[in-house]
Amino acid sequence: MTFTLEIDAATCIRCGKCAKVCPSQVIVQQEPGGPVSVPRPADCIRCGHCAAVCPTASVRHGLFPPETVHPADRTLLPSPEALMLLCRTRRSNRAFSRKPVPHEKLLQILEAAHRAPTASNRQQVAFTLVTDPEKLRFVSRFTLDTFTAVARKLENPLLRPLLRRIAPDAYRYLPSFHRMQREYERGNDMILRGATALILIHTPRDNAFGTIDSNLAYQNGSLMAEALGVSQFWTGFVYMALRHGKAERFRRELGIDGIVHAGMALGMPQFLYPNYIDRRPIDLQEE
């Protein structure tokens with residue numbers, strides 16, 4: 001991608017902020033108060049730090065034209081106390097009502113997730129929003145079918161001695177696999193818990209930081225969901241099934257090109273939690 005990046009010398013006040021925040025040192029100021037230059041524009045990672053920090057709109061970046069750069073009223077940011085309360089009250093509430101999540105709230109959750117940081121600002125995180133009840137049932141059924149196949153292998157008398165040595169932790173999930181299957185047959189889906197929406201977060205196959213980027217996006221979206229009064233939880237069983245099942249079939253059915261690293265099941269809550277609980281002390285080492 002080609003783009004222009006230059007400094008408007010007529011309006012630049014030479015504060016040097018753009019050079020200080022540039023992670024790739026594309027923008028350079030040789031000495032305080034000196035002229036600002038862009039000797040290596042091709043190395044720009046398109047993060048926009050320079051345009052966001054410039055107080056005089058002197059950074060001319062082809063990817064961030066003036067109409068995309070907006071003043072931030074930091075007085076509107078939540079107080080530290082409000083943000084801490086949000087972190088303390090966020091829970092993986094699986095008690096969903098049958099009321100669908102309003103579409104505008106889903107879009108706000110997606111935008112919050114989309115604004116999460118990514119490694120080297122590659123911004124390759126993509127989202128698949130599933131609200132079709134048939135597709136949601138497919139996700140649950142795929143997960144349960146995968147667990148059934150895994151359980152058969154774990155219980156195979158010929159394979160058991162080997163699997164107990166190489167995958168001993170897998171056996172602690174066996175009772176859960178059987179219980180989830182029994183509950184599903186009774187009409188109780190323990191995979192998505194009656195969620196009316198599911199966000200699957202994925203990146204291209206060659207993204208080495210895909211898992212990290214996707215889960216940073218998840219947490220952003222999770223906090224926005226809590227702020228909007230939407231309940232959600234991380235779909236760990238679906239993630240596990242994709243690591244042990246026919247992931248290509250799953251991706252093909254949902255039109256996903258890439259690797260799914262995280263999923264967020266969402267629904268309107270039957271009730272909210274009136275309390276939050278203190279956690280154990282932070283495990284902190286200072287040196």
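## A walk around the model

Start on the outside: select Phe209, Ile212 and Leu216, which make a nonpolar patch on the surface with about 280 Å² of accessible area together. Keep in mind as you go that this is a predicted model. Now narrow the selection to phenylalanine 209, which sits in the loop between β6 (197-203) and α8 (210-227). Phenylalanine 209 is partly exposed, at a relative accessible area of 43%.

**Next stop: a charged patch**

Select Arg94, Arg179, Arg182 and Arg193, and you have a positive patch on the surface. To get your bearings, pick arginine 193: look for it in the loop between α7 (174-185) and β6. Arginine 193 comes out as partly exposed, with 33% relative accessible area.

**Into the aromatic pairs**

Time to show the rings: there are eight aromatic pairs in the structure. For one of them, select phenylalanine 142 and phenylalanine 250, a tilted pair with 5.0 Å centre to centre and 55 degrees between the planes. Follow the backbone out from each ring: phenylalanine 142 belongs to helix α5 (residues 133-155) and phenylalanine 250 to helix α10 (residues 247-254), so this pair ties together parts that are 108 residues apart in sequence.

Are these two rings buried or exposed? Phenylalanine 142 is buried, with a relative accessible area of 3%. Phenylalanine 250 is buried too, at 0% relative accessibility. If you have a surface drawn, hide it for this stop.

Before leaving the rings, select Phe147, Tyr173, Phe177 and Phe237, which form one aromatic cluster.

**Salt bridges along α5**

Switch to the charged side chains; the structure has nine salt bridges. Two of them can be picked up in helix α5, the helix that also carries phenylalanine 142.

Begin with glutamate 134 and arginine 137, a salt bridge whose closest N and O atoms are 2.4 Å apart. Both residues lie in α5, three residues apart, which is about one turn of the helix. Arginine 137 is partly exposed, at 42% relative accessibility.

Then move to arginine 141 and aspartate 145, where the closest N and O atoms of the salt bridge are 3.0 Å apart. Here the partners are four residues apart in α5, again about one turn of the helix. How accessible are the two ends? Arginine 141 counts as partly exposed at 26% relative accessibility, and aspartate 145 counts as partly exposed at 37%.

While the charges are still on screen, select Arg205, Glu248 and Arg251: salt bridges that share partners join them into one network.

One more bridge to visit: select aspartate 43 and arginine 40, with their closest N and O atoms 2.5 Å apart. Aspartate 43 is partly exposed, with 39% relative accessibility. Its partner, arginine 40, is partly exposed as well, at 33%.

**Two backbone oddities**

Colour by phi if your viewer can do it, or just select serine 120 and asparagine 121. Most residues other than glycine have a negative phi. What is phi at serine 120? It is near 55 degrees, a positive value in a residue that is not glycine. Asparagine 121 likewise has a positive phi, about 55 degrees, without being a glycine.

To place them, find the loop between α4 (103-114) and β5 (126-130), where serine 120 sits. Asparagine 121 is in the loop between α4 and β5 as well. Now put the surface back on. Serine 120 counts as exposed, with 53% relative accessibility, whereas asparagine 121 is buried, with a relative accessible area of 15%.

**Last stop: across the model**

Finish with aspartate 283, found in the segment after β8 (259-267). Aspartate 283 is exposed, at 65% relative accessibility. Add phenylalanine 64 to the selection and draw a distance between the two C-alpha atoms: it comes to 41 Å in space, for residues that are 219 apart in sequence.

Conventions
Residues numbered from 1 in each chain as written. Predicted model: local features only at pLDDT ≥ 70, side-chain atom pairs only at ≥ 80, totals over all residues. Heavy atoms only, no water. Patch = residues over 30% accessible without salt bridge, like charges linked within 9 Å, V, L, I, M, F, W, Y side chains within 5 Å. Areas by Shrake-Rupley, 256 points an atom, 1.4 Å probe, with all protein chains shown as cover. Salt bridge = Lys/Arg side-chain N within 4 Å of Asp/Glu carboxyl O. Helix = DSSP H or I, 4+ residues; strand = E, 2+ residues; numbered from the N terminus. Buried < 20%, exposed > 50% of the residue type's maximum accessible area, 1.4 Å probe, protein only. Lys, Arg positive; Asp, Glu negative; His and termini not counted. Charge placed at Lys NZ, Arg CZ, Asp CG, Glu CD. Phe/Tyr/Trp six-rings, centres within 6.5 Å; stacked < 30°, edge-to-face > 60°.
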